[in-house]
Amino acid sequence: MVAEPIHVLGIVGSPRRGGNTERLVDAVLEGAKEAGATIEKVRLAELDISPCSACDACESTGECVYNDDMPELFQKMERSQVWVLGTPVYWWGPSAQFKAFVDRWYAKMFRSEDKALFEGRRVVLAIPMADDDPKTARHTVGMMQDALDYVNAILFGTVLAPGMEEPGEVLRHPELLEAARRAGQEAITGL
């Protein structure tokens, strides 16, 4: 019997198409594909994802009140053993698109079958920033580490790209792209 290939989902949280965040996510996905995984990518800015309104309807019904693209994205996440989550750093935190996406995870916290969406998933973070100091990403990384711990997912790796001021600048840094590619390869090893 042939084993199913590992599926890796890249989620780009930058509103800029083809920018540094997307290029880093692409490099991680490329590494995963080279190691035998199937890959898929979505751009949050191209989806309709409403921000959580804290109405708590999901607590009693198990469903969010918004009729948007989040249920389909949850299905893609469920089919994937590895997630590549990319966001630029905006004011020491993630982009608005990325934060809205993570906030909507709340709807999956009430039923055990929904919580299973996260358990054991390996996550690679791809985080570019204009600032030269990698510590500028500490709140974004910390937020994701805490969130992933809470939902029992595994922060497998983080690719930080400081000093990426211009769109696509990461392409002039082959060492960063190689680190991202390697993270993609290593994330599927042993799954």
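**Chat: surface, fold and two loop residues**

Student: How much area does the protein chain expose, and what share do carbon and sulfur atoms supply?

Tutor: About 9,500 Å² is exposed, and 50% of that comes from carbon and sulfur atoms. Keep in mind that this is a predicted model.

Student: And how many of the residues count as buried, in percent?

Tutor: 49% of the 191 residues.

Student: What about charges: how many positive and negative side chains?

Tutor: There are 20 positive and 30 negative ones. The centres of the two sets lie 2 Å apart.

Student: Switching to the fold. Which elements, and in what order?

Tutor: The protein chain has seven helices and five strands. From the N terminus they run β-α-β-α-α-β-α-α-β-α-β-α.

Student: What does the radius of gyration say?

Tutor: It is 16 Å, which agrees with the value near 16 Å for a compact globule of 191 residues. The C-alpha trace spans about 50 × 50 × 25 Å along its principal axes.

Student: What share of the contacts join residues at least 24 apart?

Tutor: 78%, counting contacts between residues at least 6 apart in sequence.

Student: Now backbone angles. What is phi of Asp56?

Tutor: Near 65°, a positive value in a residue other than glycine. Asp56 sits in the loop between β2 (38–43) and α2 (57–61).

Student: Why does Asp56 count as partly exposed?

Tutor: Because its relative accessibility is 33%, and partly exposed runs between the 20% and 50% cut-offs.

Student: And where is Trp92?

Tutor: In the loop between β3 (82–86) and α4 (96–103). Phi of Trp92 is near 70°, again positive in a non-glycine residue. At 40% relative accessibility, Trp92 counts as partly exposed.

Methods: Residues are numbered from 1 along each chain as its sequence is written. This is a predicted model: local features need pLDDT of at least 70, side-chain atom pairs count only at pLDDT 80 or more; totals for chains, interfaces and linings use all residues. Side-chain values use heavy atoms; hydrogens and water are left out. Helices (H or I, at least four residues) and strands (E, at least two) are DSSP runs, numbered from the N terminus. The radius of gyration is taken over C-alpha atoms; the globule rule is 2.2 Å times the number of residues to the power 0.38. Buried means under 20% relative accessible area, exposed over 50%, partly exposed in between (1.4 Å probe, protein chains only). Contact means heavy atoms within 4.5 Å. Accessible areas come from the Shrake-Rupley method with a 1.4 Å probe; for residues, only the protein chains shown count as cover. Lys and Arg count as positive and Asp and Glu as negative; His and the chain ends are not counted. The place of a charge is taken as NZ of Lys, CZ of Arg, CG of Asp or CD of Glu.
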